[in-house]
Amino acid sequence: MSRLTGAGEQRGAEVIDEQGDTVPLPVVPPTEDKPEPPPGSPSLPPFGPIVRKVALGLAVCLVAGAAYAGLRQIADAPADPNAPVITGQTPQTSTTPDEAAEGVRRAAAGEAVLQKMATAVDDDSRSGFLATIDPKASAFRVSARTIFANLGKLPLATFQLRYVSDDPAALTPDRQTELGGTASWLAQVEVSWQLKGYDAKPARETIPVTFVTRDGTTYAASFSERFVAGQRRPIWMLGAIDVAKGDHSLVISLDGEADAESYVSVTDRAVDSVSDVWGDNWRRKVVVYLPATQAQMEYVLGAQPNTYTQIAAVTMAELDTPQAGAPVRIVANPKLFDELGRQGRRIVLTHETTHVASTATASPVPLWLAEGFADYVAFTAVPVQDESAAKELFKAIRAGKVPSTLPTPEAFAASSTELPQAYESAWLACRLISEREGQSKLVKFYRTVHLSKSPTGLADAFRTVLGMTEQEFVVEWQKYLKRLAGV
Ligand SMILES: [Zn+2]
């Protein structure tokens, strides 16, 4: 998608995926509900990635819209889309009475295992938790110990597991033979978990759980069988985590080498920088994930392999379905984030934290305003010379290419050839508003558009807050850009 240049500084990147239908976004058809494509076949990224070059080198940004639609289908569908849906509550009429009764029996047995598991987590009972794990699944027992230890490190307010559906045909006969027992099957299970002091609502993910019944007892035998591409995995399932807590931040790291504490201080600082502009009337709590590998990042995001090789960080709502107050996470790309350096990490985290504070995951603000404002806050906290922060834009303007409109949603698409200019010109649009009218007017303008329920919200905000039309503003902005570029 892009290449790394310059001093190796990267910044910016986010997924905005809760209530994405309110955000004008480049939409890539979600692939989450489809089976894994055969090896070698082309695969679309589940989100429309946005990559851009800025300031000190490469900047990458990613915004996603309709991803939740596909994820929701996971929750509602069996792993195999061609197989019938069977749940404990609503057996499908297309199944025979015997099959339906079997479905109810599986759901009841599986649900009982899940309840024991959740209770063991609540009670901090390691033996209770391990008693639900198949004694013959030796590799999974090792993972289960790690998962239980991880959950103990998290400030969990709630932890719940819910049997959603199952698919008796999902396990091959060979696999069933391998599992042994009198019955084995694969179910989709919704896990919800809420971080105390951070999440207004629980995070929710749907994971595959393999069950096996042997000697009259049903156990969990795997949490990772037949993951569907695009199905997100909770970070605490992916390996041993370190957890570091700051005044405003919680850093959850899968990287034993990373100094989680140092990320706490830079995130706390980002929260203060954002509050300096946005005000204090937000939760002022940020959760940062530090995966150790690219693959772990992709698992957390539910992304196709190698989608995020150029993405420094991503902000996502950790929820399968849209909901106000969804828990939001900033997910760092381990390799690129490490290369950013301290200042670069501060810029990225301030940009992303701006999205968290302004609830960009559930906002009707146009992309130019969301991204421009996030850059405005980041560059206010960590000033960078215009000549480097707006390098590509100035180059274009000096070549006679002055933008004729504010950047369109398409300009923020990964395939956009003018991606750097889109971000740079959006940032300078916000800075112009601040310079002309004062920073508080910029914030008021953003809030007015954000809170608007009307399709003419943007035009109304231009008129009522800034006292001009968008066209009048664009003329001023073009003059401003030309003056800055020295033409
Ligand atoms: Zn952004």
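**Helix 4, outer face.** I started with the side of helix 4 that points away from its buried residues, and there I found Ser 138, Ala 139 and Val 142, which are exposed. Note to self: this is a predicted model.

**Helix 4, inner face.** Next I looked up which residues of helix 4 are buried. They are Phe 140, Ala 144, Ile 147, Phe 148, Asn 150 and Leu 151. Looking down the axis of helix 4, I see these buried residues within an arc of 160 degrees, so they line one face of the helix. That fits what I know of helices: an α-helix has 3.6 residues a turn, so residues three or four places apart point the same way.

What covers the buried residues of helix 4? I noted helix 2 (97-122), helix 3 (126-130), strand 4 (156-167) and strand 7 (217-222) among the elements that do.

**Helix 4, length check.** I tried the ruler on helix 4, residues 138-153. At 1.5 Å a residue, its 16 residues should span 22 Å, and the end C-alpha atoms are 23 Å apart, which agrees.

**The five-stranded sheet.** I then traced an open sheet of five strands in the order 8-9-10-12-11, with mixed pairing. Strand 8 (242-245) and strand 11 (313-317) are the edges, each pairing on one side only. From one strand to the next, the twist averages 20 degrees.

Inside the sheet I picked out strand 9 (residues 249-253) and strand 10 (residues 286-290), which pair in the parallel sense over five bridges. In this pair, Ile 252 stands opposite Tyr 289 of strand 10. I also found helix 9 (residues 341-357) packing on the sheet, where it touches strand 10, strand 11 and strand 12 (328-332). The direction of helix 9 makes about 15 degrees with that of strand 11.

**Two odd phi angles.** Most residues other than glycine have a negative phi, and I went hunting for exceptions. One of my finds is Asp 215, with a positive phi near 50 degrees. Asp 215 sits in the loop between strand 6 (203-214) and strand 7. Is Asp 215 buried or exposed? Asp 215 counts as exposed because it has 7 C-beta neighbours inside 10 Å, and the cut-off for exposed is 12 or fewer.

My other find is Arg 284, not a glycine either, with a positive phi of about 55 degrees. I located Arg 284 in the loop between helix 6 (260-278) and strand 10. Arg 284 has 18 other C-beta atoms within 10 Å, so I wrote it down as partly exposed.

Key: Residues are numbered from 1 along each chain as its sequence is written. This is a predicted model: local features need pLDDT of at least 70, side-chain atom pairs count only at pLDDT 80 or more; totals for chains, interfaces and linings use all residues. Two strands pair if DSSP finds at least two bridges between them. Helices (H or I, at least four residues) and strands (E, at least two) are DSSP runs, numbered from the N terminus. Axes are lines fitted to C-alpha atoms, for helices over the stretch in contact, and angles run from 0 to 180 degrees between N-to-C directions. Two residues are in contact if their C-beta atoms, placed from the backbone, lie within 7 Å. The expected span of a helix is 1.5 Å times one less than its number of residues. A residue is buried if 20 or more other C-beta atoms lie within 10 Å of its own, exposed if 12 or fewer, and partly exposed in between; C-beta atoms are placed from the backbone. The arc is that of the directions from the helix axis to the C-beta atoms.
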